Amino acid sequence: MQRLPLFRPVSAGLSLLAVLLAFGVAPATAQMQPPQDTTQVTFDAAVRTALDQNTNIKRAQAQARQSNVQVRSEWMDFAPNLSIDSDVTRRVGRNFSQVTGDFTTQSTDFFNLSGQSSVTLFNGFENISSLREAREQAGADQTNLKRTRREVVFDVMDQFIALVESREIVRVRREQVEAQRQRLRQIEQFVEAGSRPESDLFTAEADLADAEQQLLQGKREREVSQTRLIQTLQLNPREAYDFRVPDLEGATLDSSRQELPALIDEAFQKRLDLRVAEAERRAADQGIRSARSAYYPTLSLSGSYGTDWSSQGVRGDVDVSDDFTNQLDVNRGGGLSLSLSIPIFDRLQRSNRVEQAQVQAQDAEYALQDQRQEIALQVRQSYLDYRNAVQQLGAANKRLRAAERARTAAQERYELGSADIVELQNAIRDYVDAASQQVRARYELFFQQKRIDYNVGRLSPSAPLLGAPAEP
């Protein structure tokens, strides 16, 4: 298995700046301790915080819970319902009295207590289809939750790599500022000795000011990277944080897995968003079966049982108005019914529902096809970007070595008086630019490898930033 070293030495005679560039990123807080009120955040802690705080994950969790509730609701369609009703009524009005032979005004109290239950015996398999549809959708939402967790981890990884790169750029530019200061002191000595014109001193001062400005710009980019991390992790912006970036020294990339056809096949097997699209397509198919159930008859069984009481209650020749318990016992009764409903014509509502379900299923099929195509294109693009990043790093290493030699030669010629300040200035600027581009090329290669892992579906929330990703 071939391993590609991400950080390799450039030459044995490089300056401190080149050595730092060649051997990777040292811990950003190795030489200074953060303030006591600064919260230290490692990569693993950032991943855990993102998985707990990120709002996209919370929304996906809420959707998954809602789908589980729907599954429970569909299961309950198979169970009978049960209800108990009771009411108390007082009726006031004029009634004819056979005793007095006249109309009298009186009030009558009523009490009713009953229970009902019904169960659907057959409804064209609608309850079965709806349950299957709900279970498929719940599975899709659970898979989407896992996919969202991987997206958040990849975002954190991306931003940590960007933070490492920005800190390395700051280190490069800080070293350049120090080198320009030393060069300014050297030129001051040359000008005082009369071996160089005073204009060289002005040029050196301008170069130092430009290097300091570039350093400030690099620090701003570093702060922007940290701010993005704070936003992704949903941290308190008022507090200070010390992000402990991983040490990428000696990181290697495995080139044996970078075959495009195999990567696409692996992505089709592992990508969770493809599984989501497949589950939603299956759920849409069940939706068609559920809609077609309206063409079948419905058979249901129901029963009721209850009793009542009246203050003027009379049953036969027995006056039971004064005996509440006895009247409830006398008046109790119930019934059992079997209902069959056969649909004949419903103004084409069934046909419309079936057609809508078929359209939704077709859309789900198109979405699945688009998802497969998008995954294949994402893997292809990340594969091409990785190959380009490998070439870019090789070219950046060559340019850095050449720029180092050119800078050293220009410095020697300037000290001997055979080169002017403009030649030295151009050589220095080319070296600084080559060093910066080499830093970016290194981390771009590392990021593209991680992007391949993400697009293929290897990336796991439990995997570290370095090392092979693992399936959860």
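The following paragraphs lead through the aromatic pairs, the charges placed over rings, a nonpolar surface patch and the buried side of one helix in this predicted model.

The aromatic side chains offer a starting point, since ring pairs whose centres lie within 6.5 Å come to a count of 12 in this structure. One of them joins F160 and F243, whose ring centres are 6.2 Å apart and whose planes stand at 85°, so that the pair is edge-to-face, the cut-off for that class being over 60 degrees. This pair links distant parts of the chain, with F160 in helix α4, which covers residues 126-193, and F243 in strand β5, which covers residues 241-244, the two being 83 residues apart. F160 and F243 are both buried.

A further pair is made by F190 and Y414, where the ring centres are again 6.2 Å apart but the planes meet at 55°, so the pair is tilted. Here too distant parts of the chain are linked, because F190 belongs to helix α4 whereas Y414 belongs to helix α9 (residues 349-416), 224 residues apart. With the limit for burial set at under 20% relative accessible area, F190 counts as buried at 19% relative accessibility, and Y414 is buried with a relative accessible area of 1%.

Returning to F160 and F243, one finds that they form one aromatic cluster together with F43 and Y241. F43 also leads to helix α2, which spans residues 43-53 and whose buried residues are F43, A45, A46, V47, A50 and L51. The elements that cover these buried residues of α2 include β2 (39-42), α3 (55-76), α4, α5 (198-233) and β5, and among them α4 and β5 are the elements that hold F160 and F243 respectively.

Rings in this model also carry charged groups over their faces. R372 lies over the face of F268, at 4.2 Å from the ring centre, and the charged end of R407 sits over the ring of Y431, likewise 4.2 Å from its centre.

At the surface, W75, M76, F78, F125 and I128 make a nonpolar patch of about 510 Å². Within this patch, F125 is placed in the loop between β4 (102-122) and α4. The relative accessibility of F125 is 45%, and F125 therefore counts as partly exposed, a class that lies between the limits of 20% and 50%.

Definitions and conventions
Residues numbered from 1 in each chain as written. Predicted model: local features only at pLDDT ≥ 70, side-chain atom pairs only at ≥ 80, totals over all residues. Heavy atoms only, no water. Phe/Tyr/Trp six-rings, centres within 6.5 Å; stacked < 30°, edge-to-face > 60°. Helix = DSSP H or I, 4+ residues; strand = E, 2+ residues; numbered from the N terminus. Buried < 20%, exposed > 50% of the residue type's maximum accessible area, 1.4 Å probe, protein only. Lys NZ or Arg CZ within 6 Å of the ring centre and 35° of its normal. Patch = residues over 30% accessible without salt bridge, like charges linked within 9 Å, V, L, I, M, F, W, Y side chains within 5 Å. Areas by Shrake-Rupley, 256 points an atom, 1.4 Å probe, with all protein chains shown as cover. Salt bridge = Lys/Arg side-chain N within 4 Å of Asp/Glu carboxyl O. Contact = heavy atoms within 4.5 Å.
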